[in-house]
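Please read these notes with the sequence and the model open side by side. They take up the packing, the cysteines and the main pocket in turn.

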Amino acid sequence: QRAPVLDAVSGLTPVVSLRQGQGRPGPRATVGTLTQIDRDLRLLWSRIGAVAGEATTLTAAHFSANHALGACADCAGAGVQLRCDPSLLISHPERPLADGAMAGSKPGAFFGESAGQYIATLRVAADALGLDLSGPASGLSPEAMRLALFGAGDEIFDVTWSYARGQRSGTHSFRGPWVGLCALVETESKIRAKRKRAAEWSAPLAPTACPGCAGERLTWEARRVTVAGRRLPEVAAEPLDRLARSLAEMALGPARQPVLDAIRPGLLRRLATLADLGLGHLTASRPSASLSRGELQRLRLAGVLVSDLRQLTLVLDEPGAGLDPTSLAHVAG
């Protein structure tokens with residue numbers, strides 16, 4: 001396609017181009033990190049935060065789930081862990097555990113092999129505890145299902161396992177605990193995580209809130225620091241329009257008020273811009289992966305609008321995509 005012929009161009013301000021389909025931000029990106037709200041909040045909590053009335057010595061990095069100093073050690077700052085989901089593992093609940101109840105996934109078939117050592121150990125543990133594993137998995141007692149899935153604690157069992165592999169057969173005896181099917185699946189999936197077909201071994205896993213940080217992603221030291229009686233994860237989880245109101249009304253003591261006054265104006269300006277673009281319902285902790293195409297496009301616009309750059313020309317690919325008339329009017333203004 002031939003480019004247009006121009007004799008001259010004048011009056012054109014610096015151009016910033018925002019196009020559709022730029023791809024999703026990284027998996028750890030949130031509304032807060034994309035708009036720098038997270039940066040300002042971390043700065044506030046590190047400068048004026050307190051623990052039980054005493055000033056904290058934590059830095060801004062200690063309040064970042066993407067930094068080694070701030071990330072929860074149990075989930076590496078992700079806020080979730082991949083844990084065995086019993087409903088995914090027991091794919092055929094109408095069958096017995098030792099006869100196809102877990103046949104729907106690679107790890108389920110492996111650990112549920114009727115002649116295998118794992119089912120043999122489970123049977124010994126169930127007999128020792130007086131629990132019945134016969135019949136469909138859906139009909140097992142809660143105690144029996146709890147034993148099967150989550151183990152028998154530290155109790156040690158004497159197990160004799162009769163095996164048959166092709167031309168080979170025999171018995172093998174050992175002493176050991178029964179850790180449960182879920183623990184077996186989780187451990188094996190970690191071992192195979194970087195091998196071929198890793199996805200097959202993680203099929204029964206589902207993301208669940210990290211028990212170490214209750215899904216808040218930060219270390220315990222950072223999660224207990226408060227500003228005006230509120231913790232950072234609580235503030236990051238509330239809608240941005242409500243956050244703007246609470247920040248505007250916040251008042252601190254003489255020693256900490258100047259720090260708040262220095263950081264608050266820029267933060268409120270960012271929040272006001274997001275509200276003008278119809279994003280006040282989002283939270284700072286909202287993962288970018290959960291945003292719609294239009295919300296993500298408006299966040300990119302907000303990043304330009306709250307910058308210190310002035311007299312810009314914004315060029316939007318498919319300018320109306322994802323933007324309502326109010327948002328477009330705000331950009332034009």
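The numbered points below go through these topics one by one.

1. This is a predicted model, in which local features need pLDDT of at least 70 and side-chain atom pairs count only at pLDDT 80 or more, while totals for chains, interfaces and linings use all residues. Residues are numbered from 1 along each chain as its sequence is written, and side-chain values use heavy atoms, with hydrogens and water left out.

2. The largest nonpolar core (buried Ala, Val, Leu, Ile, Met, Phe, Trp, Tyr and Cys residues joined through side-chain atoms within 4.5 Å; buried means under 20% relative accessible area, with a 1.4 Å probe and protein chains only) has 36 residues, and those touching the most other members are Ile37, Leu41, Leu44, Trp45, Leu240 and Leu271. At least two residues of this core come from each of α2 (37-48), α10 (232-236), α11 (240-249), α12 (257-276) and α13 (293-305), the helices being DSSP runs (H or I) of at least four residues, numbered from the N terminus.

3. A second, separate core holds 32 residues, including Leu89, Ala152, Cys182 and Leu205.

4. The search of the whole structure for disulfides (pairs of cysteine sulfur atoms within 2.5 Å) finds 0. Cys75 is in none, its nearest cysteine sulfur being that of Cys210, 3.8 Å away, and Cys75 is buried at 9% relative accessibility. The sulfur of Cys84 lies 3.1 Å from that of Cys182, the closest one, which is too far for a bond; Cys84 is also buried, at 10%.

5. The lining of the largest pocket divides into 15 nonpolar, 8 polar and 5 charged residues.

How values were computed. Buried < 20%, exposed > 50% of the residue type's maximum accessible area, 1.4 Å probe, protein only. Nonpolar A, V, L, I, M, F, W, Y, C, P; charged D, E, K, R; others polar.
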